[in-house]
Amino acid sequence: MTGVHALPSDHHDGPWDAVIVDPRVKERLLATAVLVLRHGRRLAGSAVAPHGLVVLAGPPGTGKTTLAQGLAQAAARALAPHGATTLVEVDPHAFPSEMLGESQRAVSRLFREDLPELAARRPHTMVLVDEVEALAVRRQAASFDTNPVDVHRATDAVLSGLDVLRAQRPGTLLVVTTNFAEAVDDAFLSRADLLVRTDLPDESVIPLIVADSLRELAAQWPELSGLAEDGALHRRVGRTLAGLDGRRIRKTVHGALALRLETAREPSSLCAEDLLLAAREAADELAASTASGAA
Ligand SMILES: Nc1ncnc2c1ncn2[C@@H]1O[C@H](COP(=O)(O)OP(=O)(O)OP(=O)(O)O)[C@@H](O)[C@H]1O
Ligand SMILES: [Mg+2]
């Protein structure tokens, strides 16, 4: 376990708004979380009882972790009139995995003992297992790829743990993220109350991420608010950045500050040319890595 937080808490604001996705996706996520956390106990035992599982699956840098953390705070805010929410962050990298089966036992202990005890403390509890496939990775240290079979095994340990937790503490919400779309279909689909597949931002979203990243900078250096509101520039930069994930788009905007010593010293001197140059470099880098990947 890496962290136990009491929510809502002001310093957990931010992630929910930082990820730009179809608003219907956020609505579904929030609605699912609120239903499970608020009414999971009352629905327990009925044929329509939710499993209490939300899965976020998609390529790296597409906002899975940020959305999951944001969801905890957004749900906690919505439920605040009915009491506080505990967010438990489970770090799959922290499980011993030298011996076959050891990590499964540790996961089982977590779900049978630690989590039920934590879930008894506050009215609502959400458990976040970020990068669930990491449970399988270290055992595979000798090979170069994570074997989908091992990913299945790791996720199976989590899923059977979920059943135990659900029996003891209905109304606990488990949110899981994974890069492995293959592992998702079989292991998760049948139980997930909601599966969200995150993907690379499309041409309409990229300029919005550019704009949001610039607004972040403008919050520190108000002289940049002109750039932050220049929609035509965001679209131009955005066209160059097609194919990049959200993380790399944000990094490109921030990286534009470090192309010249002057902007590094005085970020308020950032200009449109800097952004366009940074975007072209990022696009060239993407093209080069795609080419070497194809070779
Ligand atoms: N659709 C998006 N809109 C805005 N920002 C985004 C989007 N997708 C990713 N980002 C930004 O990219 C950064 C990385 O996101 P995050 O860590 O949540 O991705 P992830 O899917 O969990 O990646 P990984 O699989 O590598 O763990 C964050 O700063 C996030 O705000
Ligand atoms: Mg992540």
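Okay, so let's start with what lines the second largest pocket: Leu-244, Arg-248, Lys-251, Thr-252, Gly-255, Ala-256, Leu-259, Ala-278, Glu-281, Ala-282 and Glu-285. In terms of secondary structure, the elements that give two or more residues to that lining are α11 and α13, with α13 running over 272-294. The space in there comes to about 160 Å³. If you sort the lining by class, you get five nonpolar residues, two polar and four charged. And before anyone asks, this is a predicted model, so please keep that in mind for everything I say.

Now, which pocket is the largest one, and how much volume does it have? The largest pocket comes out at about 680 Å³. There are 31 residues around it, and the ones nearest its centre are Val-19, Gly-61, Thr-62, Gly-63 and Lys-64. As for the elements that give two or more residues to this lining, we have α3 (64-79), β5 (172-178), β6 (194-197) and α11 (246-255). You'll remember α11 from a moment ago, as it also gives two or more residues to the lining of the second largest pocket.

What's the chemical mix around the largest pocket? By class it's 11 nonpolar, 10 polar and 10 charged residues. And where do those residues come from, domain-wise? The lining takes at least three residues from domain 1, which is 3-197, and at least three from domain 2, which is 206-285.

Let me zoom out to the whole chain for a bit. We're looking at 13 helices and six strands. The chain has 295 residues, and 47% of them count as buried. On the surface side, about 14,400 Å² is exposed, with carbon and sulfur atoms supplying 53% of that. For those of you who like contact maps: take the contacts with a separation of 6 or more, and 78% of them are between residues 24 or more positions apart.

Okay, some individual residues. I'll go with Phe-111, which sits in helix α4, residues 102-119. Is Phe-111 buried or exposed? Its relative accessibility is 1%, so it counts as buried. What does Phe-111 touch, if we leave aside its neighbours within four places in sequence? The list is Pro-116, Val-158, Gly-161, Leu-162, Val-164, Leu-165 and Leu-174. Pick out Leu-165 from that list: Phe-111 and Leu-165 are 54 residues apart along the chain, and their C-alpha atoms are separated by 5.8 Å.

Over in helix α8, residues 206-220, there's Ser-213. Ser-213 is another buried one, because its relative accessible area is 0%. Again skipping neighbours within four places in sequence, Ser-213 is in contact with Arg-250, Val-253 and His-254. There's a link back to where I started, too. Lys-251, one of the residues lining the second largest pocket, is 38 residues from Ser-213 in sequence and 8.8 Å from it in space, C-alpha to C-alpha.

Next, the loop between β1, which is 3-7, and α1, which is 15-18. Pro-8 lies in that loop, and the peptide bond from Leu-7 to Pro-8 is cis, with omega near 0 degrees. If you're setting up anything from these coordinates, that's the backbone detail I'd point at on the screen. His-11 has its place in the loop between β1 and α1 as well. How does His-11 come out, buried or exposed? His-11 has a relative accessible area of 67%, so it's exposed. Along the chain, His-11 and Gln-73 are 62 residues apart, and the separation of their C-alpha atoms is 9.6 Å.

One more backbone item, and this one is Glu-131. Where is it? Glu-131 lies in the loop between β4 (124-129) and α5 (134-137). Glu-131 has a positive phi of about 60 degrees although it is not a glycine. Its relative accessible area is 34%, so Glu-131 is partly exposed.

Note on methods. Residues numbered from 1 in each chain as written. Chains lettered and ligands numbered in written order. Predicted model: local features only at pLDDT ≥ 70, side-chain atom pairs only at ≥ 80, totals over all residues. Heavy atoms only, no water. 1 Å grid on protein atoms, 1.4 Å probe; cavity = no way out; pocket = protein on both sides within 12 Å on 5 of 7 lines; lining within 4 Å. Points joined across faces, edges and corners; volume = space filled by probe spheres on them. Helix = DSSP H or I, 4+ residues; strand = E, 2+ residues; numbered from the N terminus. Nonpolar A, V, L, I, M, F, W, Y, C, P; charged D, E, K, R; others polar. Domains from an automatic or database assignment. Buried < 20%, exposed > 50% of the residue type's maximum accessible area, 1.4 Å probe, protein only. Contact = heavy atoms within 4.5 Å. Areas by Shrake-Rupley, 256 points an atom, 1.4 Å probe, with all protein chains shown as cover.
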